[in-house]
Amino acid sequence: MDEFLRAIRQACSPRTWSRGVELARSGAVVGVDDRGDEVELRVTMGSGVVSPLVSLYPDEHEWDCECNGREDACMHVAAGAIAIKQLREHGEQAPTASARAAAPMAVTPAMVAYRLFSHERSLALRRVIAREGEPDRPIRGSLKQAAQGLPCPLVTTEADLAFEKRFGTVGGGLIAADQVPDVLHALSKVEQLTLDGDPVTIGPKSAGLCVRIWDVGNELQVQLEQDPAIEKTFKNGALLRSGKLAPLSGHGLSEPHFRRLRKGWVFESDERGTLAGDLLPRWRRRLPVIVETDRLPQARTLRPRLHLATARMGDELEVLATVVYGDPPVARVDGDRLTLLSQGEGEAAPIRNFGLEKEVLRQLRALELEPGVRRRLSASEAVTWRSRAERLEDQAPTGAGFGWEGGAHRAFFEVGVLQPRVRMDEGSLDVWFQAADEGGRPRGEGRGTARADATAVLRAWDEGAELVPLLDGGFGRVPVAWLSEHGPRVLAILRAKEQRDDELPPWALPDVAALCEALEQPPPPAFEQLRALVEGLDGKGLPPATLPDDLRATLRDYQADGVRWLSFLRRAGLGGILADDMGLGKTLQALCAVEGRTLVVAPTSVLPNWAAEARRFRPSLRVCTYHGPGRALDPKAELTLTTYALLRLDLDALAEVEWHTVVLDEAQAIKNPDSQVARAAFRMPGRFRVAMTGTPVENRLEDLWSQMQFANPGLLGGRSEFHERYVKPIAAGDDAAAASRAALLRQRIRPFLLRRRKQAVARELPPRTDVVLHCELSKPERELYDAVRAATQDDVARRLGAGDNMLAVLEALLRLRQAACHPALVPGHRAPTDATVEESTSSKLALLRETLEECVAEEHKALVFSQWTSLLDLCEPVLEDAGLPYVRLDGSTRDRGAVVERFQDEAGPPVMLISLRAGGTGLNLTAADHVFLLDPWWNPAVEDQAADRAHRIGQDKPVLVHRLVARDTVEERILALQEHKRAVAESAVGGGGGASAITREELLALLE
């Protein structure tokens, strides 16, 4: 014992040891249990404080305390060890609360006790102080108050303090019915608990009911009855069952089960499995079960598994799937029932495992089966299904494999990989697939020898099937890799032949040539005349085009390329989409390439431009404008102009004409193929069809399908096919599959779509164009501006008269400039907090939004500069409302490089908000080709620096600089003054040092 005490003393600090000595001397140590090698003690710490339980193991030099102190040995451990050593020196054991020895721990402590008793058939409680040899002392008030008048220590536990914290300091009384569960739960943890004077423990909740099972003839009767183990019940919701007090609870049964059990539930002989394996295990978790029969099957723990029965029905496979227990099966799951498959002595009912049954059902779903439902599979489906089933079985955990009945599924197998074959005979094309042997050689050249129909192969590939039936039996593997590259071509060829009575349209010849090349066969002779189109780039490499004799224009290089491309398409009987960026002269290129009687369909607003361009560039063309109430077709006109609305309204009249050429300008008007105007365009006759648009894909990828369907019907297949083959995979994300499918689409349309961007045709640093965008102030804005102007005129006159310097004038002018930009910039004038974006914006920001939307729609990027970050703050909700992504750079921006990099990224936001001071110098923002200056700056050089962020080396797009100016405001006067009085800007930037160079009259003129 001495060594044990020394170990404890070394494990605690001197202060802790001293405190332990004090506790031992004061009689605070109370014995709980002393088994020699293990001693449990409590150390009383004073009134209202938990008396922690200390466990000592002297022989093992181990100890533990409930207080969980930071030191290895706490004061309670030290006190307990000191007291035990003193007892052992006297040859005694540790005293307990009920039997105390003399000497070191002679004072008998008091305990907190809980007396439950019956009162008028209800359960009542009294909380008392109990001490051996003395009557109970009722507790009035808190434990701390009760301990103050005691002549001995009061042992309190965590459970005692928790009870008082939960239920207060009441001494006792009848327990409210709604508090019985909480009270009994709290009492389950206390150490001193009696019921009517006898010790009692707290048991689990009980409904006071039981389920009894007995024989009734050949059936089993199950009844819900009162639990015979109930000894006593209390009106306020408690009962005494088998010596344990428990709160009364609900039965926990489902309502249907409760009603049937209460009435008496009879189970037939074939329902015993459901009773023993399903219902009884569930009921036992809620109620006691009394079994008074020996005919109940023995419940066993077995694993559910999938059982598959297969049978061949001609060329199809029939599969029946069930969920069973055991191997061999002893029971089958039939919905809610568990049907036993074995009868007689020793029969067993597996306990249903619904979690594992769900796993088996997932296996069923993976095999596209339903339990108990027979499914017929085609030959192709059966081969794929067999492979899938065997893989799934291999992946199943040990002991969870399938049970097979019959071997019909083994008869469905493949014979080899299919290889594509093509035969060209005098313009006739035949495409098929043939199975190869193990060496990769075709199994025969006969049409019925190991051969698969091309349409069936394409259908299987499109549906994701791995195998396809051969014409003479067996199954071949679909050449997925080859079809992934060439399948769309083969499908297009087959569709084209179907649509034109086995005759190929001209646009299909490149597909045939590519297919022949992939199979190392010579291309069809007719393809040679299209080779330049397929292999050319933006019209380069095509034969020269004969320009019209009456042409009055000098074509740029890229325009000449476009005319060559259009002319080549016309001669080859093909259509196309001219999708050049705006401003590159699509109209001029079309006027150079059209031939024969031509119909041009354009928006109403563009119609006058077509007429003017025709007069300007091809003055000898006879032009008919088919428009207006007195419209009529001119049969001698070489160029007929009309609108989309009239194409829809006058379709019958326009479709009667045998047009050589039909041109759709702004062809995004037919982007919706279900619209009447698109259907009208599809019906228009025309040997040469041209769609012109700067935005071939305006909203969705389907826009492209509609325009190409007009130019070359059938090139992109049907709408649903286009959606499945291209739209869905491309829209799914930017992974390799989407990128691959997008590349296939680009490759398919490349010969028939010509798109040049401004940056692609630039030869040197593009020009910079400066424009002024004027806006009219709204009525409220005008009233605010005029009020500010009137106030500033008086203030400026007064301050100049008083001899103030020019900064006072510039400050006044600042207020006017702010009022011209946005009312919210004017001090003391703010938009209501509940105002909408439209209500809280300004005319200038409305103009900015409109212009930015046009720029972004045309895939341009823009910089928006302002000297005021507060104005940039006001821009943000406008851009967000318009759905325009943006980044922002100002003086508070920490990582300028990251912001610039994000904007410069091609996929980055199209708009950058930037302050003049933070972004006027040192930045390369060549991703932008539009610059917006929201507020005219005093110093034009600063504006030039801002514009040069975009217009600099590396910029390959024309740069357009927009200055937004409010009409009839100081901004117009600033623009005029900039040219003649640059000193005004310099004085403002320099803090007014040079402001004296500006006369008073000139400054006052800005305020007029």
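**Helix α11**

I began with helix α11, residues 454-462, in this predicted model. I listed A454, A456, V457, L458, A460 and W461 as buried there. I then checked what sits at the N-terminal end of α11, and found D453 as the cap. A side-chain oxygen of D453 lies 3.1 Å from the backbone nitrogen of T455. On the other side, I noted that α11 is followed by G464, which has a positive phi near 85°.

**Salt bridges**

How many salt bridges does the structure hold? I noted 52. Side chains of opposite charge can pair when their charged atoms come close. I looked up several of the pairs one by one.

The first entry is R115 with D136, whose side chains meet at 2.9 Å, N to O. I placed R115 in strand β5, residues 110-119, and D136 in the loop between β6 (122-130) and β7 (137-138). The two residues are 21 apart, and the pair links distant parts of the chain. Is each partner buried or exposed? R115 has a relative accessible area of 17% and is buried, because the cut-off for that class is under 20%. D136 comes out at 36%, which I entered as partly exposed.

Next I took E134 and R131. They form a salt bridge with the closest N and O atoms 3.2 Å apart. E134 is partly exposed at 37% relative accessibility, whereas R131 is buried at 17%.

I then went to E316 and R376, a salt bridge with its closest N and O atoms 3.2 Å apart. Why does this pair tie together separate parts of the sequence? E316 lies in strand β22 (residues 316-325) and R376 in strand β26 (residues 374-377), so the bridge joins parts that are 60 residues apart in sequence. For E316 I wrote down a relative accessible area of 30%, partly exposed. R376 is also partly exposed, with 43%.

I also followed salt bridges that share partners. D278, R282, R352 and E357 are joined by them into one network.

**Negative patch**

Which residues form the negative surface patch? I listed D37, D59, E60, E62, E71 and D72. I looked further at one of them, E71. It is placed in the loop between β4 (62-65) and α3 (75-89). Its relative accessible area is 33%, partly exposed. Residues enter a patch at over 30% relative accessible area, so E71 with 33% passes that cut-off.

**Backbone entries**

I checked the peptide bond from D327 to P328 and found it cis, with omega near 5°. P328 is in the loop between β22 and β23 (331-334).

I noted R121 for its positive phi of about 65°, given that it is not a glycine. R121 sits in the loop between β5 and β6. At 59% relative accessibility I entered R121 as exposed, because that class begins over 50%.

D196 went on the list as well. Its phi is near 50°, a positive value in a residue other than glycine. Where does D196 lie? I found D196 in the loop between β10 (193-195) and β11 (198-199). D196 is partly exposed, with a relative accessible area of 41%.

**Two C-alpha distances**

I looked up L494, which is in helix α12, residues 480-499. L494 counts as buried at 14% relative accessibility. From L494 to A508 I noted 9.7 Å, C-alpha to C-alpha, with their positions 14 residues apart in sequence.

The last lookup was L320, in strand β22. E316 is in strand β22 too. L320 is buried, with a relative accessible area of 19%, whereas E316 is partly exposed at 30%. What separates the C-alpha atoms of L320 and L369? I entered 8.1 Å for this pair, which is 49 residues apart along the chain.

How values were computed. Residues are numbered from 1 along each chain as its sequence is written. This is a predicted model: local features need pLDDT of at least 70, side-chain atom pairs count only at pLDDT 80 or more; totals for chains, interfaces and linings use all residues. Side-chain values use heavy atoms; hydrogens and water are left out. A salt bridge is a side-chain nitrogen of Lys or Arg within 4 Å of a carboxyl oxygen of Asp or Glu. Helices (H or I, at least four residues) and strands (E, at least two) are DSSP runs, numbered from the N terminus. Buried means under 20% relative accessible area, exposed over 50%, partly exposed in between (1.4 Å probe, protein chains only). A polar contact is a pair of N or O atoms within 3.5 Å; within protein, one must be able to donate a hydrogen and the other to accept it, and residues adjacent in sequence count only if both atoms are side-chain atoms. Patches are made of residues with over 30% relative accessible area and no salt bridge: like charges are joined within 9 Å, nonpolar side chains (Val, Leu, Ile, Met, Phe, Trp, Tyr) within 5 Å. Accessible areas come from the Shrake-Rupley method with a 1.4 Å probe; for residues, only the protein chains shown count as cover. Lys and Arg count as positive and Asp and Glu as negative; His and the chain ends are not counted. The place of a charge is taken as NZ of Lys, CZ of Arg, CG of Asp or CD of Glu.
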